[in-house]
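Please work through the following exercises with the sequence and the structure open side by side.

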Amino acid sequence: HAQLVESGGDSVQTGGSLRLSCALSENTGTHYSMAWFRHALGKEREGVAAIYTATGSLSYADSVKGRFTISQDNAKNTLYLQMSSLKPEDTAMYYCAAAFTPFRAGDNVLRPSGYNSWGQGTQVTVSS
C-alpha cells in the first residue's frame, strides 16, 4: 500500500488557521477515498473530512463544516486540509488515510475501518 506522510501541524491560538498536507508515495487516483482523521487524548479517532475519488464528493464531520476544507492535488500526489477558525477542541493528532477498497452505497466514508493505509500523524494544538 501507499505510504503517507503528514506535515503542517503546529500550535496556534483560537481563531487561527493551518493547512495540513499529506504526501502520498503513489498517485492519489489509485485510491477509492482519501480522508483526514483526528485523535484527541481520551477520545476515539474521529473522521474529519473525506474525498471519494470516484465521484469527487466531499464529506465533513458536523464539527468542522464551514471551517475545514479538504482537497487534493493529483499532480503533486498530495492531500490537503485547510483549517480555519480553529478552536481548542480541534486539538488532536491529525492523520491522513487512503482506502484501497470501495465503499458500498450508504457507507460512512468517515469510518476509520474503511481505510487501509495511514500516515504517522501531525499534531495540531489550539490554545485559548
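Three exercises with worked solutions follow, and they refer to a predicted model.

**Exercise 1.** Determine which side chains of strand E1 (residues 4–7) are buried, and find the bridge partner of Glu6 in E3.

*Solution.* Begin with the general rule that in a regular strand the side chains alternate between the two faces of the sheet. Applied to E1, one face takes Leu4 and Glu6, which are buried, whereas Val5 and Ser7 point to the other face and are not buried. Next, look at the pairing: E1 runs antiparallel to strand E3 (residues 18–24), with four bridges between them. Within E3, Cys22 is the bridge partner of Glu6.

**Exercise 2.** Decide whether Ser33 counts as buried or exposed, and describe its surroundings.

*Solution.* First, place Ser33 in strand E4 (residues 33–39). The cut-off for buried is under 20% relative accessible area; Ser33 has 0% relative accessibility and therefore counts as buried. Then turn to its surroundings: beyond four places in sequence, the residues in contact with Ser33 include Ala50, Tyr52, Ala98, Phe103 and Tyr115. Ile51 is also in contact with Ser33, and a polar atom of the Ser33 side chain lies 3.1 Å from the backbone oxygen of Ile51.

**Exercise 3.** Identify the strands that pair with strand E9 (residues 92–99), including E4, E11 and E10.

*Solution.* Start with burial, since seven of the eight residues of E9 are buried. E9 is antiparallel to E4, with seven bridges, and Cys96 in E9 is the bridge partner of Trp36. Continue with strand E11 (residues 122–127), which is joined to E9 by three antiparallel bridges, Gln123 in E11 standing opposite Met93. Finally, strand E10 (residues 117–118) pairs antiparallel with E9 over two bridges, and Trp118 in E10 is the bridge partner of Ala97.

Definitions and conventions
Residues are numbered from 1 along each chain as its sequence is written. This is a predicted model: local features need pLDDT of at least 70, side-chain atom pairs count only at pLDDT 80 or more; totals for chains, interfaces and linings use all residues. Side-chain values use heavy atoms; hydrogens and water are left out. Buried means under 20% relative accessible area, exposed over 50%, partly exposed in between (1.4 Å probe, protein chains only). Two strands pair if DSSP finds at least two bridges between them. A polar contact is a pair of N or O atoms within 3.5 Å; within protein, one must be able to donate a hydrogen and the other to accept it, and residues adjacent in sequence count only if both atoms are side-chain atoms. Contact means heavy atoms within 4.5 Å.
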